[in-house]
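Subject: Structure handover

Hi,

Here is the structure I promised to pass on. Have a look at it first, and then read my notes below.

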Amino acid sequence: KTFEVFSIGGYQPPSADGLEKVLQSLRLDSDINGGRDIDENVLEATYLAMQQLLPGEKQDAAALAMGQTYEELDEGKVGRLGVKGEEQAESVAPRPSPF
């Protein structure tokens, strides 16, 4: 099995500690009998780690405000709907037509 990673030009790489949090549950094939007798828990941890990889440096989806991009979070900028916990979602909610 192979775990491949790619990057996109212009995106900041994740910080070392942010990426370490996500990848720490992965195991080398050599540590698990070449992958032949992989434990279901190890397999699930690998799958979940791959799902958790996020864009940006911080690697922290819980810190993201509604309407905020990962780039804005990394740069300390407020998203289009406001500060986390105080988002103004009503400002972009669909409104019924007057007709």
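To start with one residue: is Glu-75 buried or exposed? Glu-75 is exposed, with a relative accessible area of 52%. Keep in mind throughout that this is a predicted model, so the confidence values come next.

**Confidence and layout**

The mean pLDDT of the chain is 77, with 73% of the residues at 70 or more. Confidence is lowest in helix α1 (residues 16-23), where the mean is 69, and highest in helix α3 (residues 70-75), where it is 89. The chain has 3 helices and 0 strands, and reading along the sequence gives you α-α-α.

Of the 99 residues in the chain, 16% are buried. The accessible surface comes to about 7700 Å², and carbon and sulfur atoms hold 54% of that. Looking at contacts with a separation of 6 or more, 34% are between residues 24 or more positions apart.

**The salt bridge**

The structure holds 1 salt bridge, and this is where Glu-75 comes back in. Its partner is Lys-77, and the closest N and O atoms of the pair are 3.0 Å apart. As a reminder, side chains of opposite charge can pair when their charged atoms come close. Lys-77 is partly exposed, at 48% relative accessible area, while Glu-75 counts as exposed because its 52% is over the 50% cut-off.

**Around Gln-68**

Lys-77 turns up again here. Gln-68 is in the loop between α2 and α3, and its side chain reaches the backbone oxygen of Lys-77 at 2.7 Å. How much of Gln-68 is accessible? The relative accessibility is 12%, so Gln-68 counts as buried. Setting aside neighbours within four places in sequence, Gln-68 is in contact with Ala-63, Leu-73, Lys-77, Val-78 and Gly-79.

**Asp-74 and Lys-84**

These two residues each have contacts with a stretch further back in the sequence.

- Asp-74 is in helix α3. Neighbours within four places aside, Asp-74 is in contact with Gly-56, Glu-57 and Lys-58. Asp-74 and Pro-55 are 19 residues apart in sequence, and their C-alpha atoms are 9.9 Å apart in space.
- Lys-84 is in the segment after α3 and is partly exposed, with a relative accessible area of 45%. The side chain of Lys-84 reaches the backbone oxygen of Ala-62 at 3.0 Å. Between the C-alpha atoms of Lys-84 and Ala-62 there are 9.8 Å, with 22 residues separating the two in sequence. Again leaving out neighbours within four places, Lys-84 is in contact with Ala-62, Ala-63, Leu-64 and Ala-65.

Ala-63 is worth picking out in the viewer: Ala-63 is in contact with Gln-68 and also with Lys-84.

**A nonpolar patch**

Which residues form a nonpolar patch on the surface? They are Tyr-47, Leu-48 and Met-50, and together they have about 290 Å² of accessible area. Met-50 is in helix α2 (residues 40-52) and is partly exposed, with 38% relative accessible area.

That's everything I have for now.

Cheers

Key:
Residues are numbered from 1 along each chain as its sequence is written. This is a predicted model: local features need pLDDT of at least 70, side-chain atom pairs count only at pLDDT 80 or more; totals for chains, interfaces and linings use all residues. Side-chain values use heavy atoms; hydrogens and water are left out. A salt bridge is a side-chain nitrogen of Lys or Arg within 4 Å of a carboxyl oxygen of Asp or Glu. Buried means under 20% relative accessible area, exposed over 50%, partly exposed in between (1.4 Å probe, protein chains only). Helices (H or I, at least four residues) and strands (E, at least two) are DSSP runs, numbered from the N terminus. Contact means heavy atoms within 4.5 Å. Accessible areas come from the Shrake-Rupley method with a 1.4 Å probe; for residues, only the protein chains shown count as cover. Patches are made of residues with over 30% relative accessible area and no salt bridge: like charges are joined within 9 Å, nonpolar side chains (Val, Leu, Ile, Met, Phe, Trp, Tyr) within 5 Å. pLDDT is the predictor's confidence in each residue, from 0 to 100. A polar contact is a pair of N or O atoms within 3.5 Å; within protein, one must be able to donate a hydrogen and the other to accept it, and residues adjacent in sequence count only if both atoms are side-chain atoms.
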